[in-house]
Amino acid sequence: MSWARLAAGCLLALIATDAALASGALQQSFLQPMGPVAQEQATHLMRVVGITMIVILPVLVGVPLILWRYRYAKPRGAYAPEWEFSGKLEYALWGVPVLIVIVLASWLWYSTHKLDPYEPLGPDPLQVQAIGLDWKWVFIYPAEGIATVDELVVPVGRPVELTLTTDTVMQSLLIAPLTGQIYAMPGMTTKLNFAATRTGEAEGENTQFNGDGFGRQKFTLRAVEPGDFAAWIARGDSGLTLDEATYATLRRRTVLADARGDLGLEKSAEPIVMTLGQQDMFGQIVAKYHGGEAERWGGTGLPQTGMTGAAE
Amino acid sequence: MSGQTSPIVGNLDWNVTPFTDVLQHPGTSTIIGAFAASVLVLGAIAAVALFTRMRWWGPLYRNWLTSPDAKRIGIMYIALALIMMARGIIEGFVMRAHQASALGTLSAQEGGLVAPDHFAQLFSTHGTIMIFFVAMPLLIGLINFVLPQQLGARDMAFPVLNQVSLGLTAAGAALVMISLLVGDFGTGGWTMYPPYTGKIFSPGEGVDYWLWAILISGMGSTLTGMNFAVTIFKQRAPGMHLMRMPLFCWTSLCVAIMLIYAMPALTVSSAMLALDRYAGFHFFTNEAGGNMMNYANIFWMFGHPEVYILILPAFGVFSEISSTFSGKRLYGYTSLVIASMSIAVISFTVWLHHFFTMGQSAGVNIAFGIATMVIGVPTGVKIYDWMATLWRGRVRITAPIVYLTGFFLLFVIGGLSGIILANPSIDYQVHNSTFLVAHFHNVIIPGVLFGMLAGIHYWFPKAFGFRLSETWGRRTAFLFVAGFIFTFMPLYALGLMGMPRRSPTFQNPDFLPWMYIAALGGVLMLCALASLIWTFWTSYRHRAALAVPGGDPWNGSTLEWSTPAPVPEWTFPCIPQVSARHDWGERKRAGDPWHGPTEYTDIEMPANTAHGLLIAVAAFLLGFAMVWHIWWLAILGVLAIPGLMLLRAMRVIEPRIIPAAQVAEADSRFRQLVASLPAATRADEETQRNRGVPDISEFAG
């Protein structure tokens, strides 16, 4: 089994190396983990591949051998045309897969519990709220009074609890080097708990198709030293405040670059950092879909198309 | 689309075709759209011209469109599937070509071959077509053709219902096809998750095309399931106990049961989405208490069994060909029966693994994750059973065996990635990524497609009287294997690197080399398609040399090989009395399997009728009218269907009687022919000496 795991490891390492020789691109794979969740996910992947190889390798090796040995043109082995049953073989055929599945299922149980995204990774996690909009993400740091578009900055070493919703269709937020994805749905909240153990930049993305700008709904996660995080909070903003009007503009169906145009900023893919206008806006946006004030915060209907986007 | 709905033409106007699009916004994307529409139009014109010139309309109507014969219905299903497959493969290639040219930046407009909206339509139609209008008609067609022959029955239990099922499937396929020319298709993928596909976020006709194609063809599939089940339970030849049925019949029974229980869930989820879209309901909307999670839940209650509906008939085919082409009995018949039935049952308990990431508790995910792994056990057993069947055999490397080999070597990799995805903790990472895309193509192409193509190659002589060219058959199989490897192995790597599925653009230049390899795979897939078409054409041209009138070209052991090729419409001159599991094989062992029956009786066959055809037309018009809000036509369509049923119910319908004398004459001609043909050994199988009469002394399995 060890060499099977070795082979599987090599295969995955090949892919990981390819990704690691990154030409300046952001880290985007859980095979180069930046935190304990992705680390464990990568390890579990290797484990599953290794164990499953026990039942797969016999097929990969056996089929060519059988075809070679028993080919009609030049057969080597005996011919047993009426052989159709063997009790011992039956035990092996059913028994081995059952044993493998028992082992795999135990590991599945263990790792699924261990990596439950709803479980905080430690005391006092940094609270961040994420709102999926059409083709961008708004991140709110309620305690810090700051909000961003398409940038998530977290301090290394402190657990993070991300609470998600959307103000449009269903989306799915993935920051592969740190943690797996979870769906975000309007009027509902879901959670992702993770932590960064080293500094670095990773790409986060929406993985649930939601229209034309889907391919550009990416954001940057920056894991920084705690001191740098405090400095980032203190430095802060682009002069914008995330209030109802700004939010309504952001809610339009635009990618980040076009949204910046709509807000009068320079058109680029740079994230926007804003001061937070209202503490409980996340709650109000969720409540819009449950008898809250549905007209506020840009309403609940089809968002407008962006001005700049329309001009193109 | 204009703002007002016209009472006459609904939302239709002159701006709905890709031709107007290309005039308004010229570019590669609209040119490709217009080109596809042109191919459809020119193809239709060419077909009409050909049929008129060859005077085929009459025979087409009399012998095919109005025939209730399950064998002909099966062939029509397969023809439909192959036409749709051509479109699906080309769409796949366009998507690969697009992504190979889609490296972009976050600040610049998406580039590449096609626009993002066009790309989204491509993946939505590709998925819809490949699942519902390629895989499903292929397997339903193959079962229709083979099942009654293997059971020793003349036809399905409900031949006219069978026609209706085919008609409804074809009507659904026609709706997807016409969406190339008239209007847009939906962009929500083949699953069409709301709220994105609700009226607010997808106001146009696109999702409606999908809904009506699914509602109509889904009804056809449900009816098919009932037909198969009743046929297996009621129409078996005397002596054909359940445990004597060939494995293909067993997997057909599994499919029948699963169709009956799974398809209604799809009909329900689609009908609910239709009510949301047409009648202002709020099942899945964002507000007013709607909840999109219910859609995912109901859809996958269908969606997961569907996967096994697709794969089980292929497993049936692999059971047949592994035994026949290794000249051996099938190893572990009982094991295979138990495994097939286990798969059919367990497949209803795993649907939640399609949305591990929806936010439910770890405990729920664990339960469904483990159920998913459990289904790997019977699947694994089956693979080992087929290996044991080949072991100590004398394996002829025919085209079906090449497909089987490709299946063995590639399907287990798909199984591995399935086990990986069954782990919720890993699924959180690779769900919605191209890893998932690679996984399901890895089970569907080497599993379903290879199985069906192997089955077509295997039973083709029974349908048309001549074999397919082995050389070209093998070339096609190798091309499909290579095409699959090059197209989808890179997607595994891309998925692990974090590439989401359905993405019209990407920003990571490291993805590019993998994209190029996948695009090369797309080219190979096109070559495989061309090679498949060429296989049919070249075999047709050499049909005299490839003819196997003896009807048993592979020295088989099941009942269908006892009849002439092509098989007559009545299949058996008199219903066989079955006395063993491999009855035809046993008769070969006993010597002189071809002795005729002592007496012949009149045969009652269901009379030809245009019933299915008319229902198909009405269903198509209903669907098209609903898509475009042409209410008067929709009302006509909806009234026409019960009207046609009522009309048929009111009439006295006499079966067609084939006189005993005619059967006796045809049958004795066949017996004389067999006696006069030289017996071919297995070494001669691929040569012109194979006239369909095998050397029975060689039969040992």
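1. A good place to start is chain B, where helix 5 and helix 8 cross in the left-handed sense (the near helix is turned anticlockwise from the far one by less than a right angle; clockwise would be right-handed). Helix 5 covers residues 116–151 and helix 8 residues 247–279, and they pack at an angle of about 140 degrees with their axes 10 Å apart. Axes here are lines fitted to C-alpha atoms, for helices over the stretch in contact, and angles run from 0 to 180 degrees between N-to-C directions. The two helices are therefore oblique to each other (under 35 degrees counts as roughly parallel, over 145 as roughly antiparallel, 65 to 115 as roughly perpendicular and the rest as oblique).

2. Before going on, please keep in mind that this is a predicted model, in which local features need pLDDT of at least 70, side-chain atom pairs count only at pLDDT 80 or more, and totals for chains, interfaces and linings use all residues. Residues are numbered from 1 along each chain as its sequence is written, chains are lettered from A and ligands numbered from 1 in the order in which they are written, and side-chain values use heavy atoms, with hydrogens and water left out. Helices (H or I, at least four residues) and strands (E, at least two) are DSSP runs, numbered from the N terminus.

3. Which residues of helix 5 of chain B meet helix 8 of chain B? Among them are B:F132, B:M136, B:L139 and B:Q150, and on the helix 8 side the contact includes B:F248, B:S252 and B:L266 (contact means heavy atoms within 4.5 Å). By class, this contact has 14 nonpolar, 2 polar and no charged residues. Ala, Val, Leu, Ile, Met, Phe, Trp, Tyr, Cys and Pro count as nonpolar, Asp, Glu, Lys and Arg as charged, and the others, Gly among them, as polar.

4. Another helix pair in chain B is helix 13 (residues 399–422) with helix 15 (residues 434–464), packed at about 155 degrees with axes 8 Å apart. Helix 13 of chain B and helix 15 of chain B are therefore roughly antiparallel to each other, and their crossing is left-handed. Their contact holds 17 nonpolar, 9 polar and no charged residues.

5. Turning to chain A, its secondary structure comes to 8 helices and 12 strands. Of its 312 residues, 57% are buried (under 20% relative accessible area, with exposed over 50% and partly exposed in between, using a 1.4 Å probe and protein chains only).

6. An open sheet of 7 strands in chain A has the order 8-5-1-2-3-12-11 with mixed pairing (two strands pair if DSSP finds at least two bridges between them). Strand 8 (190–194) and strand 11 (241–242) of chain A are at the edges, each with a single partner strand, so one side of each lacks a neighbour in the sheet. Strand 5 (residues 160–166) of chain A pairs with strand 8 of chain A in the antiparallel sense over 5 bridges, and A:V160 has A:F194 as its bridge partner.

7. Is strand 6 of chain A buried or exposed? All 5 of the 5 residues of this strand (171–175) are buried, so the strand is largely enclosed by the rest of the structure. A:Q171, A:L173 and A:I175 lie on one side, with A:S172 and A:L174 on the other. Strand 6 of chain A runs antiparallel to strand 7 (residues 179–184) of chain A, joined by 4 bridges, and the two form a hairpin with 3 residues between them.
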